[in-house]
Amino acid sequence: MGKVYVFDHPLIQHKLTFIRKKDTGTKEFREITNEIAGLMMFEITRHLPLREVEVETPVETATCKTIAGKKLGIVPILRAGLGMVDGILDMIPAAKVGHVGLYRDPQTLMPVEYYVKLPKDVSEREMIVVDPMLATGGSAIEAINVLKRDGAKNIKLMCLVAAPEGVEKMQEAHPDIDIYLAALDEKLNEKGYIIPGLGDAGDRLFGTK
């Protein structure tokens, strides 16, 4: 069974408080969302292997460490996932970025794929699916279905805020996937919103509320 990691780092928790506040404006919400995403990458990439290299400092030759060729890919779920990409790329500028676009069918309430563009070498990369919210879990589950269909073998899910119901659904559908969160909230309400949550992340990121 995949593990669930909830980051309790003071900087992450501090910044999360500001994007929860309903009076935080679009510009600040967008900036802080990216900052939290960047901070979360420190923990998510902790396992990356290192190798030793020789470099010339201004003083002498030194044995230093560099990441041992691990390829990373970032896959935001459109549209809200886009709000986390720049913060991640600030930390890992060489990562490739794919996109998965989904919408919810108004009749069946199931996610429907409308756009997919992934790196060609997805099977060779550690892919990190990003979305600010893990509510019912439907979109994240379908996005990971898409990645597995295209050959991805090493996938992680990174969200800012999740509901227990969404985490449970994800673990049922994809028991091999580790989930990384800034917060695990109380529950979903009758409309499928995370409580206490932070509202509609897409609307707050792009000013469409």
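Is Ala94 buried or exposed? In this predicted model, Ala94 has a relative accessible area of 69%, and because anything over 50% counts as exposed, Ala94 is exposed. You'll find Ala94 in the loop between α3 (85-91) and β5 (96-97). Have a look at Leu72 while you're there: Leu72 and Ala94 are 22 residues apart along the chain, and their C-alpha atoms are separated by 8.0 Å.

Now for the pocket. The largest one has a volume of about 980 Å³. It is lined by 31 residues, and those closest to its centre are Arg104, Asp131, Ala135, Thr136 and Ser139. If you want to trace the walls by element, β4, β6 (99-104), β7 (111-117), β9, α4 (138-149) and α6 each supply at least two lining residues. The largest share comes from α4, with five residues.

How does that fit with the database record? An unreviewed UniProt entry carries a "binding site" annotation that covers Arg79, Arg104, Asp131, Pro132, Met133, Leu134, Ala135, Thr136, Gly137, Gly138, Ser139 and Asp200. From this set, the lining of the largest pocket takes in Arg79, Arg104, Asp131, Met133, Leu134, Ala135, Thr136, Gly137, Gly138, Ser139 and Asp200.

Two residues of that set are worth a stop. Arg79 sits in the loop between β4 (72-78) and α3. With a relative accessible area of 34%, Arg79 is partly exposed. Setting aside neighbours within four places in sequence, Arg79 is in contact with Asp200, Gly202, Asp203, Phe206 and Thr208. Asp131 belongs to another loop, the one between β8 (126-130) and β9 (133-134). Its relative accessible area is 11%, and since the cut-off for buried is under 20%, Asp131 is buried. Beyond the neighbours within four places in sequence, Asp131 is in contact with Ile77, Ala80, Gly81, Met84, Met158, Cys159 and Leu160.

There is also a "binding site" annotation in the unreviewed UniProt entry for Ile194, Gly199, Asp200 and Ala201. The lining of the largest pocket takes in Ile194, Gly199, Asp200 and Ala201. Ile194 is in strand β13 (residues 194-195) and is buried, at a relative accessible area of 6%. Leaving out neighbours within four places in sequence, the contacts of Ile194 include Met133, Leu134, Ala135 and Val161. Ala201 is in helix α6, and it is buried too, with a relative accessible area of 4%. Not counting residues up to four places away in sequence, Ala201 touches Phe29, Ala80, Pro132 and Met133.

On to the nonpolar interior. The largest nonpolar core has 35 residues, and those with the most contacts inside it are Leu16, Ile19, Ile36, Met40, Met158, Val161 and Leu198. Elements that give two or more residues to this core include α1 (10-20), α2 (26-44), β10 (154-162) and β11 (178-184). The biggest giver is α2, with seven residues. Take Met40: apart from neighbours within four places in sequence, Met40 is in contact with Phe7, Ile12, Met158, Cys159, Leu160, Tyr180, Leu181 and Ala182. A second, separate core of 25 residues includes Val75, Val100, Ile155 and Ala162.

Last, the cysteines. Cys159 is buried, at 0% relative accessibility, whereas Cys64 is partly exposed, with a relative accessible area of 31%. What about disulfides? The count comes to zero, with sulfur atoms within 2.5 Å as the test for a pair.

Definitions and conventions
Residues numbered from 1 in each chain as written. Predicted model: local features only at pLDDT ≥ 70, side-chain atom pairs only at ≥ 80, totals over all residues. Heavy atoms only, no water. Helix = DSSP H or I, 4+ residues; strand = E, 2+ residues; numbered from the N terminus. Buried < 20%, exposed > 50% of the residue type's maximum accessible area, 1.4 Å probe, protein only. UniProt positions renumbered as here; feature names shortened; annotations may be inferred. 1 Å grid on protein atoms, 1.4 Å probe; cavity = no way out; pocket = protein on both sides within 12 Å on 5 of 7 lines; lining within 4 Å. Contact = heavy atoms within 4.5 Å. Core = buried A, V, L, I, M, F, W, Y, C linked by side-chain atoms within 4.5 Å. Points joined across faces, edges and corners; volume = space filled by probe spheres on them.
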